[in-house]
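Notebook open, aromatic rings on the list for today. I wanted to see which rings sit together and how they are placed.

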Amino acid sequence: MQRSRAAVGSAVFFVVAPGTVVGLIPWLITRWEFREPLPAWVVAQVLGVVLIGAGLIPAVHAFAEFAKAGGTPAPTAPPERLVVSGFNRYVRNPMYVGLLLVILGQALLFGQLSLLLYAAVIWAVTATFVHWYEEPTLAGQFGPEYEAYRRAVPAWWPRLRPWTT
C-alpha cells in the first residue's frame, strides 16, 4: 500500500474506531455533563485533562507509524512489516493503552464514574481481541521476529527503556 493511501486509510480508521470508542460512546454515556462528586474535584479534573492529552499522544503517533510502514491499524489493511517503532518500543499496544488513558481522563474530567466501568469493558474487549486474534495473526505473519518482540515488550504496561532490535 502506498504511504499516501495508508495515511488516508489510517486517518479514516482513526476517526471511525477510536473516535467511536473515546468520542461517541463516552458522549452517549455522559452527554459531557460535568459532575462534582467530591469536594475539590478540580484537582481530579486537571488530572483528567492531563490523562486525555497523554493518552492521545501515543494513539495518534502509533497511527502515524502504521501509515509510515505502508498500512493501517485496521486488520483489513495492515502494513507488510512489523511496526516496532515509536511508542511500540515501550508497549505492544500503545493505541489501546492510550485510548484507555483517554477514557480514564474523561471519567475524572467529567466526574462520571460510569466511564470507569466503560474503561474496564473496553480493556476486557481489547485484551480478548489482542489475545485471540492479533497475537496469533502477528505470530503467523512475522514468526520469530514477532516472538522476539513479544518476549521483550510488555502488552499493557510500558517498559522504562525503549526496546531495540
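My entries on the aromatic rings follow.

Ground rules first. I am working with a predicted model, where local features need pLDDT of at least 70, side-chain atom pairs count only at pLDDT 80 or more, and totals for chains, interfaces and linings use all residues. Residues are numbered from 1 along each chain as its sequence is written, and side-chain values use heavy atoms, with hydrogens and water left out.

Entry 1, pairs. I called rings of Phe, Tyr and Trp (its six-membered ring) a pair if their centres lie within 6.5 Å; planes under 30 degrees apart are stacked, over 60 edge-to-face, and the rest tilted. That rule gave me nine aromatic pairs.

Entry 2, Trp32 and Phe110. I found these two stacked, 4.9 Å centre to centre with 20° between the planes. They link distant parts of the chain, 78 residues apart: Trp32 is in the loop between helix H1 (3-30) and helix H2 (41-68), and Phe110 is in helix H3 (residues 94-110). Helices here are DSSP runs (H or I, at least four residues), numbered from the N terminus.

Entry 3, burial. I took buried as under 20% relative accessible area, exposed as over 50%, and partly exposed as in between (1.4 Å probe, protein chains only). Trp32 is partly exposed at 32%, while Phe110 is buried at 8%.

Entry 4, Tyr149 and Trp163. Their ring centres are 5.3 Å apart and the planes are at 55°, so I logged the pair as tilted. Tyr149 is in helix H5 (residues 144-152) and Trp163 in the segment after H5, 14 residues apart. Tyr149 is buried at 3%, and Trp163 is buried at 15%.

Entry 5, a cluster. Phe13, Phe14 and Phe63 make up one aromatic cluster.

Terms used. Helix = DSSP H or I, 4+ residues; strand = E, 2+ residues; numbered from the N terminus.
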